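Colleague: Could you walk me through how to read a structure like this one, feature by feature?

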Amino acid sequence: MPPAPTLTGQDIGEAQGAVRALLDAVLARTGNTSEQWIALRVLASRGPMESAQAFADFMAGQPQLALDVADAAELLKGLQARGLVTEDSPRLTPAGEALNAELAEAVGPTTTTLYSAIDPADLATARNVLMQVIERANHLREEL
């Protein structure tokens with residue numbers, strides 16, 4: 001009997017890439033990018049940032065986004081130019097809050113469909129495993 005498959009970094013990366021490509025496709029229909037939506041979600045969930053630099057540093061610190069500080073600063077400037085984010089202590093404007101809600105509604109049905117065919121117990125197990133992978137990877141990176 002062959003050994004049970006082992007979860008690898010490649011599996012995690014491929015899953016992340018597939019979900020990101022799906023998200024990009026859904027958001028492309030709205031004229032927005034996943035980076036823009038993620039920025040709106042960050043500001044909605046974390047509240048105002050103390051400065052544009054703090055926002056850029058935070059976004060650049062998220063490796064899955066593949067943004068450097070300059071890219072994150074440009075992303076913020078673009079959102080500000082559209083009137084979605086304030087200039088001082090970046091936070092969502094009412095227009096930014098409305099767009100964030102609109103994009104959540106656009107993404108929601110696809111996300112529901114994506115996960116609905118997976119057993120809830122399996123989803124819970126996958127989440128627990130991924131949280132442990134994140135924690136251990138962060139710990140090991142700190143040791144380096």
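Modeller: Gladly; we will go from the overall fold to one helix, then to charged pairs and the surface. Please keep in mind that this is a predicted model.

Colleague: Let's start with the fold, then. How many helices and strands does the chain have?

Modeller: A good first step is to list the secondary structure elements in order. Here the count is six helices and zero strands, so the order from the N terminus on reads α-α-α-α-α-α. The C-alpha trace spans about 60 × 40 × 20 Å along its principal axes.

Colleague: And what share of the chain is buried?

Modeller: For that we look at relative accessible area, where under 20% is buried and over 50% is exposed. Of the 144 residues in the chain, 24% are buried. The accessible surface comes to about 9500 Å², and carbon and sulfur atoms hold 57% of that surface.

Colleague: What part of the contacts comes from residues 24 or more positions apart?

Modeller: Such pairs make up 51% of the contacts with a separation of 6 or more.

Colleague: Now a single helix, please. How do I read α1?

Modeller: Begin with its length, then ask where its buried residues point. Helix α1 covers residues 9-28. It has 20 residues and reaches 28 Å from its first C-alpha to its last, close to the 28 Å expected at 1.5 Å a residue. Its buried residues are R20, L23, V26 and L27. Viewed down the helix axis, these buried residues fall within an arc of 120°, so they line one face of α1.

Colleague: What do those buried residues pack against?

Modeller: Their partners are α2, residues 34-46, and α5. On the face of α1 turned away from the buried side you will find the exposed residues Q10, E14 and A28.

Colleague: One of the buried residues is an arginine, R20. Which side chains meet R20 in a salt bridge?

Modeller: The general idea first: side chains of opposite charge can pair when their charged atoms come close. In this model, D24 and R20 meet at 3.4 Å, N to O. E35 also forms a salt bridge with R20, with the closest N and O atoms 2.6 Å apart. That second pair links distant parts of the chain, E35 being in helix α2 and R20 in helix α1, 15 residues apart. Taken together, R20, D24 and E35 are linked in a network of salt bridges.

Colleague: How are D24 and R20 placed along the helix?

Modeller: They are four residues apart in α1, so about one helical turn separates them.

Colleague: Are the members of this network buried or exposed?

Modeller: Check each one against the cut-offs. R20 has a relative accessible area of 15%, so R20 is buried. D24, at 32%, is partly exposed, and E35 is partly exposed too, at 23%.

Colleague: How many salt bridges does the structure hold?

Modeller: There are three. The one we have yet to discuss joins E74 and K77, whose closest N and O atoms are 3.7 Å apart. These two are three residues apart in helix α4, residues 69-81, so they too are separated by about one helical turn. E74 is exposed, with a relative accessible area of 51%, while K77 counts as partly exposed at 48%.

Colleague: On to the surface. Which residues form the nonpolar patch?

Modeller: To find a patch, look for nonpolar side chains that are accessible and sit together. Here V19, L22, L114, Y115 and I118 form a nonpolar patch, with about 360 Å² of accessible area together. Helices α1 and α5, the latter spanning residues 94-116, each supply at least two residues of the patch. Take Y115 as an example: it lies in helix α5, and its relative accessibility of 37% means that Y115 counts as partly exposed.

Colleague: One last feature: how far apart are A137 and T113, in sequence and in space?

Modeller: Sequence separation and spatial distance are worth reading side by side. A137 and T113 are 24 residues apart in sequence and 30 Å apart in space, C-alpha to C-alpha. A137 has its place in helix α6, residues 120-143, and at 41% relative accessibility A137 counts as partly exposed.

How values were computed. Residues numbered from 1 in each chain as written. Predicted model: local features only at pLDDT ≥ 70, side-chain atom pairs only at ≥ 80, totals over all residues. Heavy atoms only, no water. Patch = residues over 30% accessible without salt bridge, like charges linked within 9 Å, V, L, I, M, F, W, Y side chains within 5 Å. Areas by Shrake-Rupley, 256 points an atom, 1.4 Å probe, with all protein chains shown as cover. Salt bridge = Lys/Arg side-chain N within 4 Å of Asp/Glu carboxyl O. Buried < 20%, exposed > 50% of the residue type's maximum accessible area, 1.4 Å probe, protein only. Expected span 1.5 Å × (residues − 1). Arc of directions from axis to C-beta. Contact = heavy atoms within 4.5 Å.
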